[in-house]
Amino acid sequence: MTNILKQQIQGSVLISGDEGYETQRKIWNAAVDKCPGIIVVCKEEADAVSAVRYAREHNLEISIKGGGHHVAGTAVTEGGIMIDLSELTEVVVDENSRIARVQGGATLAHIDRETQKYGLATPTGTVSETGVAGLALNGGLGYLRAKYGLTCDNIQAVNLVTADGDHIRVSDTEHPDLIWAIRGGGGNFGVVTSFEFQLHEIGPEVLALDVMYDFEDVKTVFQNLNTYLETAPDEISVNATLIDLPPAPFIPEFLHHRRVIIVAGMYAGSSEEGEPIIQPLRELAQPLADMTAVMPYLELQKKLDAMVPQNANIAGTSLYLEELTEEALDQIVTQMNGSPAPAMVQLWETHGHMNRIPSNENAYFVRDGQYLLLVDVIYEDGQEQKAKEWVEKMRQSLLAYSYEQTSYLNLTGNDESIIRESYGSNYAQLVAIKQKYDPNNIFHVNHNIDPKGDHELVTK
């Protein structure tokens, strides 16, 4: 059956037993162990068109793999056809228009490497191995969020393969309802084979904040951080990570197995201007270590790669917090003490430009939280149930402090109620657009918006 497909594809068509099949089906989260019936490794964007049409003709479930760097593992289907864009990594920068055209399989490293040649960047994430497609379609928070918004806010246009197998361009003037949905609505509307992103002047060197505090000072650190954020400029974005440090060679021995708070971030402006502005963040309590420095933006973007190892079993969740009260912080500390395996709890503040965008300007809804809570636990084989139960317990313990029980879907599983809550009043409009472009829900291996759901349009 696949011989017909092979004749239509310039890339590779793999089935179980073929050389390369096992490598291509695996993704970042080793806990996701699914076997597609067919993997189409696209060599050109037209291959995605052929793959969608073939899947429709043979009634095969479709999944779409960009970087494959996702907790829920939506890149992989069991028994269906996986459209693998991972070899489509070209990035072309137009310095004059400050637009980057980025193919759907590119990682953040691919984008940063090309855009930094011109001293430009677009807001992305903080781990260079992440694929841009999943990141951008579901949001995209990084060190530029307070200054320039989310990755999805900077999408200018996309090329997309529709459920009918057509390859179309989508922008504010071409299918404007669809570009609204693409900016935060996930992979629900087609296979995005390329993006056009707005670029901004950043780098080549930036002021990178990196301070480590003792966990015993957790309340002092966050009290002072909350005060700082009341008047923080858009140029600074801050991430706080609560973690038990591993006995890694790159960590000083006196810090091995020690629970700490890492306060990291970046100043999106001149280093000279930024140093006095970020100084209070280096004095939230008595530091254990301060590695704040001016460094290449490219280096900063790779700095956290070691904290998210490949081929580990990962369980995770996320929650937007309306505010980080002392009671909420107590819950986080209590739950961390009960973790069955090494856990990383991150609190990313969300002030600035990303929260001044109206919640109905695009599909990404959450524009008024104070912090985004991100929880990851790395567990050994046999610990899956305990790890997932702990993650859910952490989430449930903090729902009372959440922003309308919304989550960041890039760090969350596929719970239907969480998806609905996270799109808020935008959900009904997303359903209507889904009904128009994918009424049969062909693209459902994602944070799915059911076209049979609520269809009454939200007034914009």
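Biologist: Which element gives the largest share of the lining of the second largest pocket?
Modeller: This is a predicted model. Two elements, β17 (313-321) and α12 (384-398), each supply at least two residues of that lining. The largest share is 5 residues, and they come from α12.

Biologist: What is the volume of the second largest pocket?
Modeller: The pocket is lined by 19 residues. Val71, Ala315, Gly316, Lys388 and Gly413 are the closest to its centre. Its volume is about 350 Å³.

Biologist: How many residues of the lining of the second largest pocket are charged?
Modeller: The lining splits into three classes. There are 8 nonpolar and 6 polar residues. The charged ones number 5.

Biologist: Now the sheet. What is the order of the strands in the open sheet of 4 strands?
Modeller: Start with the pairs. Strand β2 (residues 38-41) runs parallel to β4 over 4 bridges. Strand β3 (residues 62-65) is also joined to β4 by 4 bridges, again in parallel. Pairing across the sheet is mixed, and the order is β1-β2-β4-β3.

Biologist: Which strands are the edge strands?
Modeller: The order is β1-β2-β4-β3. An edge strand here pairs on one side only. That applies to β1 (12-14) and β3.

Biologist: By how many degrees are neighbouring strands of this sheet turned against each other on average?
Modeller: The sheet is open and has 4 strands. Direction is ignored for this angle. The average is 20 degrees.

Biologist: Which residue in β4 is the bridge partner of Ile62?
Modeller: Ile62 belongs to β3, which spans residues 62-65. On the β2 side, Ile38 stands opposite Ile81 in β4. The partner of Ile62 in β4 is Ile81.

Biologist: And which residue in β4 is the bridge partner of Val40?
Modeller: Val40 falls in β2, residues 38-41. β2 and β4 pair over 4 bridges. In the bridge with Val40, the β4 residue is Ile83.

Biologist: Are the residues on the two faces of strand β4 buried or exposed?
Modeller: In a regular strand, side chains alternate between the two faces of the sheet. In β4 (residues 81-84), Ile81 and Ile83 lie on one side, Met82 and Asp84 on the other. Both faces are covered, and all four of these residues are buried.

Biologist: Which helix lies across β2, β3 and β4?
Modeller: β4 pairs with β2 and with β3. The helix covers residues 45-57 and runs at about 170 degrees to β4. The helix is α3.

Conventions: Residues numbered from 1 in each chain as written. Predicted model: local features only at pLDDT ≥ 70, side-chain atom pairs only at ≥ 80, totals over all residues. Heavy atoms only, no water. Buried < 20%, exposed > 50% of the residue type's maximum accessible area, 1.4 Å probe, protein only. Pairing = 2+ DSSP bridges. Axes fitted to C-alpha atoms, helices over the stretch in contact; angles between N-to-C directions. Contact = heavy atoms within 4.5 Å. 1 Å grid on protein atoms, 1.4 Å probe; cavity = no way out; pocket = protein on both sides within 12 Å on 5 of 7 lines; lining within 4 Å. Points joined across faces, edges and corners; volume = space filled by probe spheres on them. Nonpolar A, V, L, I, M, F, W, Y, C, P; charged D, E, K, R; others polar.
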